[in-house]
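User: I am new to this structure and would like a close look at a single part, namely the place where two of the chains touch. Please take me through it carefully.

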Amino acid sequence: MTQLIERLSDGLTNGFVYALIALALVVVFKASSTVNFAQAEMALFTTYVAWWMTTRGISIWLALLAACVVGFIIGAAIERTLVRPAEKRGEMPTLLILVALFTAINAIDGLIWGLEYHSMDGLFPAGLDDYVSVASARIYYEDIGVWAAAIIALAVCFMVINKTRLGLLMRAAADNPASAALSGINVGKVYTFGWGSAAVIGSIAGILIAPISPHQLSMATMFPVLIYGSAAAIIGGLNSLGGAVVGGLTLGLAESLITGYVGFIGPQLHQTTALAVMVIVLLVRPTGIFGSRRLERV
Amino acid sequence: MHTSLLGRVVPTVSVLALLTAACSIDDQGSGSSDDGGGGEFTVNTENCPDPEAVTAEIGDTIKIGWSAALSGPVAATQVRVNRGIDARLKLYNESQKDIGGRTIDFQMKDDGYDPQKAKQNVAELIQRDKVDILGAVGGGQLAAVVDDQNEACVPLLNSQVGSPEWRDVELYPWTTSYLPRNDMELIASTQLIENEVEDPKVVVVYQQTESGTALRDAFDDAAEGTDLEIVDRIALTTPSDAASSARESGANVLFNATIGADCLSVPEAVARAGFEPELLIQPSACADAKSIYQAGGEAMDGAILFAWTVQGLDPAATEDEDWAEYAAAVEAIDGDPQDNYTILGWSLMDIIIGGLIEADASEDGLTRKSIIEVAQTLQYEPSMFRDGIPWSMSPETGNGINKLQPLRWNAAEGAFDPMGDALTLEAD
Amino acid sequence: MTRESTLPKPASLPAKRSLMRPAVIGIVAVALLVAGGQLPDFRVSQIASMLIFAIAISGLNLVAGYGGMLSLGHSALFGVGGYTTAILISEMRLTPLSTMPIAIALGVLVGALMGLPATRVKGIYLALVTLAFAVAFPEFLKRFEELTGGAGGLVVRSVDLAPPAWSGFDRFERSQWMYWLSAVVLVLCLFLVRNLIRSRRGLSITALRDNEIAATVCGVSAARDRISLFAISGGITAAGGSLYAMYIGALSPELSFTVFTSIQLITGLIIGGVATLLGPLAGGVAIVIIPAVTLDLANGQAYGLVFGVVLIVVVFLLPDGIVGRLQKMRVFTGRSQSAAHTST
């Protein structure tokens, strides 16, 4: 029982982080119809920025804010200067640009901040005694903090998209770019904004996961998060915001429980399990559980 | 940690002669056994592509070429080891030159953790750069180059590999390894566990990497025939899950079969899971006090490390002349002298230089042949090794570090406490 | 492949030239290879690795170039070939060459498996399905460690990799042997790709890529064509993997067969020229040379950066890759071009 609660708690923490990355991927997909392979590496970059600021004595909360600003600028700049021109060349060139950014950004992190692991302070108290006991299982404030932060971030995203004028523009531009443009919306600007926002969501995810990642803050921190995050986004459906959250949480919990309790799969086939679920979902529903089909014209 | 830098080569020829005579490993030798400082190991040069080059005296410059991962997932530790190597070389080239006045030209090629690039690097180092001595880091990379390097008869000294695999002088006469053999190290670990814990039940948490699985298997072997019961072997996915499984296993001892970031993350997770094993044993590769033990705070309290070098955070070890010389050299290249990986790197190169001095003094003079013959039998006291732990290479075991000092991390003091005397490593 | 003459060829050439050109190309190629074999041993060995990657990339080219389906999973196919050869040599004591057909057969099998989802899943979704194969492969190697050596990998001693006696090379001439062997296998693979693409099957494959709905309306079976394309691609890439195992003698799941290898292969294909016959060769050269030149710069990270930047530059400035560019330039001299573009 104790271990079950611990595993659920672990699964939730990871699941929320996956959900954030998945959400970022969905926001990007709505703008550019592509999966941003570089999303997690962009997040790693801004997490490094935040870490670097904390080593200068700046508060982690201020560093978080700065990382979000930097993230927004980078995300928007990538959309405007690289992705949009690549889109005109087709789906494959766009994917290639993102694969290139994936490698290049990771390398830039190494060039700037070196290859060492850094232990990064989290947003929440992380002492050995900072926990509450639930049925003799320890739930650390750090985990609760991640859940709360992720819930707030997700809520804000949904509010912005569903309740604000900006969100209306984003939805219009994503659903029907041509008619959105005809009704006077600057579709390009909306897409740029979408990429910027996605990078902000990613930055939050990075700063939440780095202090508790087994890789600490290092060049390997975000790759697994990308794998799970993209699997989550696909499972939920790449154009469904709600699907991303459901996908992320499901995957986080399933990962924790399956590797813990299903002996045959065991810990070795950790990432394979997540991706196998993704493949099965795709075979049954080629655009994910909550994703909608797009019409293709001949 | 005593005596000056000069004359640290200990002439223990007689002991060595006994050793090598007893196990007669030089049966493949092509004849004359020299009675110089090179001991009794002779290497067969008949099958070398250019036998004359192997016995030709090396000129004014000794060329050393390494292939190591300077990028990729393990580079984080390697760059810190390299600072020690660089500092030791700089000291040699700028103020010592006691290998017959020769300069050491050292180059390190990045293999990005990729065996194919390691193989290409070593081929270029041998054929184009015509190096006299090679070096390599990591089992996967060494595996890709060791046959080529032995066929070319170029010594590969002090490879950073803990596995016993490449230490057979019959198969790989031209290769030596620096790190203590992990099978021997873990025999010492199991002895310590038997001494310290009544009814020891061990849980092994292993990283799913080459090093992790090698440590897990070596621990299995070491525990055989002892009172140790291995209650579970847990493949590491997330440290928190591994820690709670370890707690549930009912063990009272935890062996953390990991390297790199998990040297810290596993003990941290163990503490957070409320698991308090009587002993928490770390492998000797989890060496750095600052980034692992100090960074882990309370969670690391009581963790046990087997060490052969002095510890940068130990005030008693950092007072003497040797330390002053080392620290000055490391600071000169903007390194952190307290970094234990840097101390490991310094010692690694210190041993190579010590061997070269001895080879130069041998009858043959400094040749590739004399270099490897000395290296396979070298007795030496590296300045940064702990008192009472020498470098004592034996071709029989292929192991140079034959004693390890168990240390227990004291979080309140921020330092290691030695646990009894150093343990002598024995092969199975 | 046999009834070519009755079909309209995408790159039909005047009949007179069809004999001349291959002969000229053949002579030039053999001359180049002989000249290459005279280089110092480490260069010959380096060229051998280029040829091996070229083989792997030409397998990828079938799926990603002619088929228009970006595969991130070819590292797994490369690994299937490599591991099959290594296991058969070290466990079953087979000779290296005799393992190749088995390696290729398994590559075909796994390739077909990878192609199954392609019948239902498209575009980026398919790229992610193939990514699943790339991520799963090293994990499977670790899961079944009795067979694969697990995370520690497999080592094949160089004595077991010695050239066969009939080749005329002795065991110190392994580089030469690998060089010639890889060259022959590459030529066979390129020949296979060329004939396949010019066949009826090849036409329907490119038709599917360019407009699936139109092609299926015209009677092309998307499912069968995609699966067989992935299968053949898997066989070719596994042949490359098999040679890689003979060349390197040491395999490890984390070092040689991760998704980063897939990215390398893709980068090579893009630089060389998507959907061009000789693009993979240029790509193989590129992915060996770029790290060789850049690895020693900065703290090694320049390597990843240069890879990324080169890929971006090629996508924008040289979208047809090196070979595609060269072929296009001939357009101005009046000859028809055979290469298609990247998918639209």
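Analyst: What follows describes the contact between chain A and chain B, and then turns briefly to a sheet in chain B. This is a predicted model, in which local features need pLDDT of at least 70 and side-chain atom pairs count only at pLDDT 80 or more, while totals for chains, interfaces and linings use all residues. Residues are numbered from 1 along each chain as its sequence is written, and chains are lettered from A and ligands numbered from 1 in the order in which they are written.

Between the two chains, 24 residues of chain A are in contact with 23 residues of chain B, where contact means that the C-beta atoms of two residues, placed from the backbone, lie within 7 Å. On the chain A side, at least two residues each are supplied by α1 (2-32), β2 (137-140) and α10 (241-261), these helices (H or I, at least four residues) and strands (E, at least two) being DSSP runs numbered from the N terminus. The largest share of that side, 4 residues, comes from α1(A). By residue type, the side of chain A that touches chain B divides into 7 nonpolar, 12 polar and 5 charged residues, with Ala, Val, Leu, Ile, Met, Phe, Trp, Tyr, Cys and Pro counted as nonpolar, Asp, Glu, Lys and Arg as charged, and the others, Gly among them, as polar.

Within chain B, 3 strands form an open antiparallel sheet in the order β11-β12-β13, two strands being paired if DSSP finds at least two bridges between them. Its edge strands, β11 (379-380) and β13 (399-401) of chain B, each pair on one side only. Strand β12 (residues 391-394) of chain B is joined to β13(B) by 2 bridges, and Trp391(B) stands opposite Ile401(B) in β13(B).
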